[in-house]
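Colleague: Could you walk me through the salt bridges and a helix in this model?

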Amino acid sequence: MPAGTALLLGSGPMPARLRPTAPIAPDAILVGDPGRALLLAQALLTGPKMSNHARGLWGYSGRTPAGHELTIQSTGMGGPSASIVLADLAELGVRRAIRIGTCAATAAEHSSGELVVVEAARTSDGEGVSPDPELTAALERELGGPARTAAVLSLDRLYRPGAAEVAAPAKLVDMQTAALLRRGPELEVAIAAILIVIESEAGDLSEEELEAAAKKAGEVASAVLSA
C-alpha cells in the first residue's frame, strides 16, 4: 500500500477482531484506554469518525488540521491485547505507530506528570527490545526540553510498589510497551512510545492532570507522524 493512502473499506478481507467502519490511516496513535482514544480524537482530528467499536476497542480516523491522515486506536489492557490490535492494524495498512501510555515511577528521579520518551523496554523475563530509532529521535526533538528518555519494564500484571518482578534498573513500569516494540518489526510497523508518569513518590496524577498530559503527548505524536 502506498504511503499516505488510507485503506478503502471493502478492498480486502477484514481482520479477525477490528471491524473498521471508516478508513484506517497508515499512521496511528495507540492508547490503552478507549476513553483516552476519544479524548485524543476530539483534540487532534478535524471531524473524526469512529473507525472501530468492536470489542470495546474504540478507534477513530480523520485528518489533522494540517490535512494528515491519522488513526487513533485503543489497544485494551496488557501486552497480549495490544499485540493483537497492532497485528490487526498492520493488516489494515498501518505502517507507523506511536504508543501514548501511562506508567509508574519506581525511582525518585521521575515525577508524576512527566512525559518520557522510551529508549528501550524489557519484559519481566529479561527480554529487551528497542523502539524505531527515527520515530524515537523525532519524539525527542518535538518534545524538546531536553526531553526525558528512559527504559521501561513491561509487566503482565498491574504494578504494585515493592513488586518482586521490579529489579533495580527498572525506573519506569507499564504493561504494554515491550510487547508492542517486539511485535512491530515482525509486522513491518515502525513503532515508538511516549509515556506519561501517573504514579510516583510525589503522588498520583488527578484525572484533569492526566487529560492535559495526554493531550500534550498527543500533540507531540501527531506532529511527528505528520512531518
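**Salt bridges and a helix**

Colleague: Which residue forms a salt bridge with Asp33?

Modeller: Happy to help: this is a predicted model, where local features need pLDDT of at least 70 and side-chain atom pairs count only at pLDDT 80 or more, while totals for chains, interfaces and linings use all residues. Residues are numbered from 1 along each chain as its sequence is written, and side-chain values use heavy atoms, leaving out hydrogens and water. A salt bridge here is a side-chain nitrogen of Lys or Arg within 4 Å of a carboxyl oxygen of Asp or Glu. With the closest N and O atoms 4.0 Å apart, the partner of Asp33 is Arg36.

Colleague: How many residues apart in sequence are the parts that Asp174 and Arg99 tie together?

Modeller: Asp174 and Arg99 form a salt bridge, their closest N and O atoms being 2.9 Å apart. Asp174 lies in strand β9 (residues 172–174) and Arg99 in strand β5 (residues 96–105); strands are DSSP E runs of at least two residues, and helices H or I runs of at least four, numbered from the N terminus. The pair therefore ties together parts whose separation in sequence is 75 residues.

Colleague: Is Glu186 buried or exposed?

Modeller: Glu186 meets Arg183 in a salt bridge (2.8 Å, N to O). Buried means under 20% relative accessible area, exposed over 50%, and partly exposed in between (1.4 Å probe, protein chains only). At 55% relative accessibility, Glu186 counts as exposed.

Colleague: What span should helix α5 have?

Modeller: The expected span is 1.5 Å times one less than the number of residues. Helix α5 has 20 residues (207–226), and its end C-alpha atoms are 28 Å apart, in agreement with the expected 28 Å.
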